[in-house]
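Please look at the structure below and follow how strands and aromatic rings are arranged in it.

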Amino acid sequence: MFKPNGLHFLCFLFLRRVVCQDLSGPLQDSTFSVQEKNRPGVQYLYRFTFGPPVASLRLTGEKEGIIDIDPKDGILYLNGSLDWETKNIYKLQVEGVDANGVRVKGPYSITINVEDINDNPPQFDQNIYYGVVRQNSRPGKPFMYVAAHDRDDPSTPHAQLIYRIHHHFPNPYPEMLFQIDNVTGAISTTPTGAIKLNPQDVVSFILDISVQDMAGQSLNSFKSNVDVNVTVMENLWKAPPPVKITENSTQPHPIIIAQVKWNEPGAKYEIVQKEKPAIEIPFTVDRDGNIYVTRPLDREEKDFYSFFVGAKDDDGEWLAYPVAVDVTVQDINDNPPVCDKALTVFEVQENEAVGNDIGVLKASDRDEEGTLNSRLKYRIVEQSPQIPSGSMFRIELESGKFQLFSPELNRRVASNYSMKVEVADPAFKTLCNVEIRVIDINDQIPVFEKSDYGSLTLPEDKPVGTILLEIQATDADEPFTGSSQIIYTFVSGDTDNTFSIVTDPKTNRGYVKIKKVLDFETSPVYNLTIGATNPEPLVAGVQYNSSSFAYWRVNVLDVNEAPVFVNAPYIVDILESASVGAKVVTPSAFDPEGDRIRFTLKNDHRKWLRIDPADGTIYVAASMDRETERTYMVQIVATEQTKESRSSTAQVIIHLTDVNDNPPALPEDFSLFFCHPLQGNEDGKMIQVVDPDEHSHYQRFTYALLGGSPMQRDWNLSKVEGKHAYIAPKNRNLESKIYEIPIEINDNGKPPLAGHVILKVNVCVCGDDGSCFRDIDVGNFPTVAMAIGTLAAVLLVIGVILGVVFFHLKRKKEKEQKANPGTALNPSELSNLT
């Protein structure tokens with residue numbers, strides 16, 4: 001290709017002007033590049049040199065009255081200005097002719113490519129735009145687009161456009177309420193706009209939007225502006241009011257209970273689980289947004305449901321955040337009262353005073369608590385025996401509390417009473433069985449077998465639950481009643497409840513156990529007083545005395561204990577991008593004996609951390625990566641600096657918080673295909689994208705086709721916002737081969753990251769099943785001649801081997817005959833030998 005600067009400098013008189021240029025050469029196929037809007041007057045391009053038999057040159061083709069050649073001097077020149085937007089390629093032919101005008105050389109091809117300059121400002125497709133945005137629209141979700149075009153070459157920066165919002169009127173807040181995608185022209189609300197836009201405050205906005213070529217990066221770029229009128233409308237996408245459903249409905253199901261409605265028709269509705277772990281919920285939603293309950297509900301099974309309903313577009317993209325639906329199941333009286341025990345047993349002393357409480361009958365109702373459906377009332381319906389009277393006891397109507405009602409209680413007359421109590425709610429009744437045992441009066445106190453159990457010395461590391469002592473007291477009252485049952489307690493000496501006493505109800509024997517960890521540094525000695533009492537009150541005039549008390553001393557020995565961690569385990573949230581040297585956590589630990597502690601790290605297999613051995617503070621030591629390990633667990637080891645070197649370990653759980661540090665990419669070995677020949681109406685095929693970063697449920701990617709005008713001419717990239725894009729061939733004349741298409745994918749994260757990927761698309765001949773037909777590569781398979789040659793070679797090798805074997809056998813036989821001349825050679829000789 002030649003441009004008007006070269007190696008040969010020429011000066012000559014041309015059209016009464018001196019023209020000096022530096023390009024010349026013989027007749028040949030030539031290509032020239034000329035910038036459009038060239039300077040006025042004649043512009044020299046090239047001088048073709050020639051000699052006999054050529055007498056002059058002749059130019060034909062797309063001269064357009066601008067391009068010509070001096071036939072005698074061979075000067076190719078322009079006598080006017082070229083315009084890329086009018087025509088960007090000129091095809092001509094030059095030939096050499098003799099004096100008679102007969103062609104003697106050529107023709108040769110001349111191609112003139114017109115180079116674009118930025119001489120066209122971008123123009124919006126409309127003089128003014130109108131759009132509607134709904135209140136509370138999801139930020140980043142486009143509600144309208146503006147579009148502009150530029151007549152300059154799209155493969156150059158001259159036609160690379162960038163959009164901006166400069167102002168919007170009115171502007172009631174410091175933050176902008178609208179934003180625009182500077183590549184696609186998509187207009188959406190900002191996070192502030194999603195919250196504050198309200199038609200009751202401001203119903204209309206005018207957005208001042210500009211488009212600039214040269215991607216806005218040049219001082220010589222052109223800019224155009226347009227007004228966009230945006231009307232704010234009420235958002236119809238709202239959560240329905242709380243729903244109340246009466247349980248155990250007998251109506252035919254499903255039943256409509258609520259409705260949601262997207263702002264525009266055509267949305268697809270979907271129920272999204274809210275509870276974790278997910279449960280099977282008896283609700284569904286139809287295409288009109290009607291929410292149904294699919295079966296009768298049981299309040300006693302579950303009294304409240306909460307779930308989301310979302311709206312999607314035709315491509316399965318969420319149109320907005322899902323709305324919450326809350327369903328309360330209302331109670332009906334469908335459960336009878338239930339006695340807590342099959343038989344409730346109370347004891348009462350025969351000298352009990354009238355009106356004293358005996359016990360409380362426990363019953364329950366599964367209906368909703370605090371309502372009339374679960375309100376219970378108690379009534380005695382039967383007493384057996386009815387002596388000395390039929391009204392020995394009474395029960396409170398609301399509480400179920402039993403009281404002694406007669407002063408005639410006598411154990412010798414009746415030692416047991418069987419009672420039937422009716423427990424009723426407004427709809428159901430239940431009978432509960434109660435047994436009241438009349439027991440002897442409690443006129444005997446428990447007496448310890450010995451008053452002093454001496455002392456016990458034990459190390460402080462004795463395990464919790466160890467039995468340290470057995471104690472015994474006796475009671476002369478009626479066996480197996482509340483009057484003779486013994487309860488052991490520490491009267492003094494155990495303020496921290498370090499010990500406990502378990503009693504065997506059959507023998508009244510007590511077992512003293514360690515309840516809490518012993519600590520010599522806190523309590524080296526326990527002087528304990530143990531008391532023995534009855535659950536039934538003593539009769540008047542009888543009191544517990546020294547016989548019901550015993551004494552015991554516990555001496556705790558010091559043991560060199562391991563360091564102790566406070567508030568372990570340590571759970572930390574930290575950004576994966578935390579810089580080296582950043583503090584992660586400082587543990588709290590101490591040694592019970594006050595010895596110095598040294599800290600070390602354990603299981604830091606990725607070497608992401610380091611620890612200060614003096615105070616145990618953990619710092620970031622290397623770059624961390626959430627995509628490699630979301631939760632990183634290590635251990636801190638605290639070791640006392642003594643001869644024993646006792647140590648303790650605490651767990652550190654580090655949850656790495658994601659930052660956007662990975663650009664989107666294509667899955668490994670991902671490719672697409674289209675069947676050849678192309679029909680021109682192929683459906684777009686979805687481009688799959690992977691991004692290991694943690695994005696929200698509504699993450700959207702934006703896509704841009706790279707590669708300039710050839711790619712724009714041959715391929716169409718649609719749905720350029722969303723989780724997926726679709727690609728389809730635009731040029732139906734594409735040949736059958738694999739195309740590598742450059743695409744930029746932006747994750748719109750914080751900060752946004754863009755990945756430049758190469759999508760391989762195979763335009764191939766397809767088989768009957770609609771997949772690429774693969775020709776068998778016969779180049780690697782042997783021909784018939786090759787097979788015959790291989791077989792002959794194998795047979796030849798086998799023949800050589802057999803020949804060598806027979807030759808050696810013959811030589812061996814000859815040697816044996818020479819070595820044994822008297823050997824019998826015929827049958828007669830053999831017979832003589834025998």
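The paragraphs that follow take up a sheet, then a residue in one of its strands, and then the aromatic rings.

This is a predicted model, and a good place to begin is an open sheet of four strands, which has the order E28-E35-E34-E31 and mixed pairing. Strand E28 (343-349) and strand E31 (377-384) stand at the edges with a single partner strand each, so one side of each is left without a neighbour in the sheet. On average, neighbouring strands of this sheet are turned by 30° against each other, direction ignored. Strands of a sheet pair through backbone hydrogen bonds, and the pairing is either parallel or antiparallel. Strand E34 and strand E35 pair in the antiparallel sense, over nine bridges, and Met419 stands opposite Val434 in E35.

Strand E35 also holds Glu435, which counts as buried because its relative accessibility is 18%, under the cut-off of 20%. The side chains of Glu435 and Arg437 are joined by a polar contact of 2.9 Å, and among the residues that Glu435 touches are Leu343, Phe346 and Tyr417.

Turning to the rings, the structure holds 21 aromatic pairs. One of them, formed by Phe124 and Tyr129, is edge-to-face, with 6.3 Å from centre to centre and 75° between the planes. The rings of Phe283 and Tyr305 have centres 5.3 Å apart and planes at 75°, so this pair is edge-to-face; it links distant parts of the chain, with Phe283 in strand E23 and Tyr305 in strand E25, 22 residues apart. Elsewhere, ring pairs link Phe490, Phe499, Tyr526 and Trp552 into a cluster.

Notes: Residues numbered from 1 in each chain as written. Predicted model: local features only at pLDDT ≥ 70, side-chain atom pairs only at ≥ 80, totals over all residues. Heavy atoms only, no water. Pairing = 2+ DSSP bridges. Helix = DSSP H or I, 4+ residues; strand = E, 2+ residues; numbered from the N terminus. Axes fitted to C-alpha atoms, helices over the stretch in contact; angles between N-to-C directions. Buried < 20%, exposed > 50% of the residue type's maximum accessible area, 1.4 Å probe, protein only. Polar contact = N/O pair within 3.5 Å; in protein donor to acceptor, adjacent residues only side chain to side chain. Contact = heavy atoms within 4.5 Å. Phe/Tyr/Trp six-rings, centres within 6.5 Å; stacked < 30°, edge-to-face > 60°. Lists of a residue's contacts leave out its neighbours within four places in sequence.
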